[in-house]
Amino acid sequence: MCGIAGIVYKDKNLHNAGYDMTNMLHQLQHRGPDSAGYAIYGGTGLKENEYILKIQVKEQNRLLETVQDAINMVTPIKKDEIIPSVGDSFIYKCKIELDEFSSLKPLISQVDTIDDVIVLNGSQDFEMVKDVGSVLEIADRYNVSDIKGTHAIGHTRFSTESGVDRYHAHPFQTYIVKDVSVVHNGQITNYWKVRDPLERKGHVFETFNDTECLVHYIADKLDSGYSLEEALEQSVEDMDGPFSYIIATPKGIGIAKDKLGLRPGVMAETDDIFAIASEEVSLREVVDTHNIEQISPGEVMVYEI
């Protein structure tokens, strides 16, 4: 079933995006009990050539040192921290510097070759948090309410086609273009038809999750010169199945819904905020919901700041 939400602060300033998104997602908890996640944009404070990596590392003797050595062979680690988590692993967060964005994916792939290590995220303009558990548990675990942002998207997951773990939690991102992430409710039923031509173009898929296919598809369109709105419009034509999704970039968010309107979605707007969610109860956390609009079947919208 899954629940999705997005929020944009129109003044382009930093706001309590983590706090607001937590409240929105908590109201959608009934739609997805397995895991939850956030992509919160605009508040990282990183320079143009700086990136944050978040890496799941199993609790093993000297494994973290192996990860650090692999990264330092490519670029010196500028700052790092260990984020305690549940299970038999922790999250290693580090700041690095790369001359080119194109160097990020090869570095991630190299780290991923280490046994019992998974790179969850590499980004510059957004903070990604995702994990197994309830929204409030995850928000507390990662101090999400302290994260500021100009806009954000979030997800509560009900797993239907892949494992329940941190990596398969939403949002998904791609490294084809910088800092694009997506949250998705539904199924892409012609998944292989969409994925096959992307793989032939050189896209590398890490999972069989249809949401990963979706973010690769949009990134490929953006990389080919499409505007975000054009990419979303084409996705409605090319993808089959019941779906609604929100995609985020450093400039804002975009929304698309399948032609039959088989997945719910509502939005509301004030002078200060634009918000979207699977259900009205989520919007009530951040906006006056007297003027709710349904997202129409096949509708596409882009809200950029």
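How far is the sulfur of Cys213 from the closest cysteine sulfur? Keep that in mind as we walk through this structure, which is a predicted model. The sulfur of Cys213 lies 16 Å from its closest counterpart, in Cys2, and that is too far for a bond. A disulfide, remember, is a covalent bond between the sulfur atoms of two cysteines. The cut-off used here is 2.5 Å between the two sulfurs, and by this rule the count comes to zero disulfides. Seen from the other end, Cys2 is in no disulfide either, with the sulfur of Cys213 as its nearest cysteine sulfur. Are these two cysteines buried or exposed? Cys2 is buried, with a relative accessible area of 8%, and Cys213 counts as buried too, at 1%.

Now let's look at a sheet. Strands of a sheet pair through backbone hydrogen bonds, either parallel or antiparallel. Here you can find an open sheet of five strands, in the order 9-10-11-12-16, and its pairing is antiparallel. Why do strands 9 and 16 each have one side without a neighbour in the sheet? Strand 9 (172-174) and strand 16 (300-304) stand at the edges and have a single partner strand each, so one side of each is left free of a neighbour in the sheet. On average, neighbouring strands of this sheet are turned by 20° against each other, if you ignore direction. For a closer look, try strand 12 and strand 16, which pair in the antiparallel sense over five bridges. Ala256 stands opposite Val300 in strand 16.

Ala256 turns up again when we go hunting for enclosed spaces. A search of the whole structure finds two cavities of 30 Å³ or more. The second largest has a volume of about 40 Å³, and Ala256 is part of its lining, along with others including Ile4, Tyr245, Pro264 and Ile295. Strand 11 (243-249), strand 12 (252-257) and strand 14 (273-277) each give two or more residues to this lining. The largest share, three residues, comes from strand 11. By class, the lining splits into nine nonpolar, three polar and no charged residues.

The largest cavity has a volume of about 80 Å³. Among the residues that line this cavity are Lys54, Ile83, Val129 and Tyr142. Which strand gives the most to the lining? Strand 7 does, with three residues, while strand 6 (117-123) and strand 7 (126-132) each supply at least two. Six of the lining residues are nonpolar, one is polar and two are charged.

Next come the open spaces, the pockets. Lys54, Ile83, Val129 and Tyr142 come back in the lining of the second largest pocket, together with others such as Glu81 and Arg141. That pocket has a volume of about 180 Å³. Strand 4 (79-83) gives the most to the lining, with three residues, and strand 7 supplies at least two. In this lining, five residues are nonpolar, one is polar and five are charged.

Finally, the largest pocket holds about 310 Å³ of space. Of the 20 residues lining this pocket, the closest to its centre are Lys105, Gln173, Tyr175, Glu206 and His216. Several elements each supply at least two lining residues: helix 3 (104-112), strand 6, strand 7, strand 9 and helix 6 (210-223). The lining divides into ten nonpolar, five polar and five charged residues. Strand 9 is one you have met already, at an edge of the sheet.

Notes:
Residues are numbered from 1 along each chain as its sequence is written. This is a predicted model: local features need pLDDT of at least 70, side-chain atom pairs count only at pLDDT 80 or more; totals for chains, interfaces and linings use all residues. Side-chain values use heavy atoms; hydrogens and water are left out. Buried means under 20% relative accessible area, exposed over 50%, partly exposed in between (1.4 Å probe, protein chains only). On a 1 Å grid over the protein atoms alone, a cavity is a set of points where a 1.4 Å probe fits but cannot get out, and a pocket is an open set with protein on both sides within 12 Å along at least five of seven lines; lining residues have an atom within 4 Å of a point. Grid points are joined across faces, edges and corners, and a volume is the space filled by probe spheres set on the points. Helices (H or I, at least four residues) and strands (E, at least two) are DSSP runs, numbered from the N terminus. Ala, Val, Leu, Ile, Met, Phe, Trp, Tyr, Cys and Pro count as nonpolar, Asp, Glu, Lys and Arg as charged, and the others, Gly among them, as polar. Two strands pair if DSSP finds at least two bridges between them. Axes are lines fitted to C-alpha atoms, for helices over the stretch in contact, and angles run from 0 to 180 degrees between N-to-C directions.
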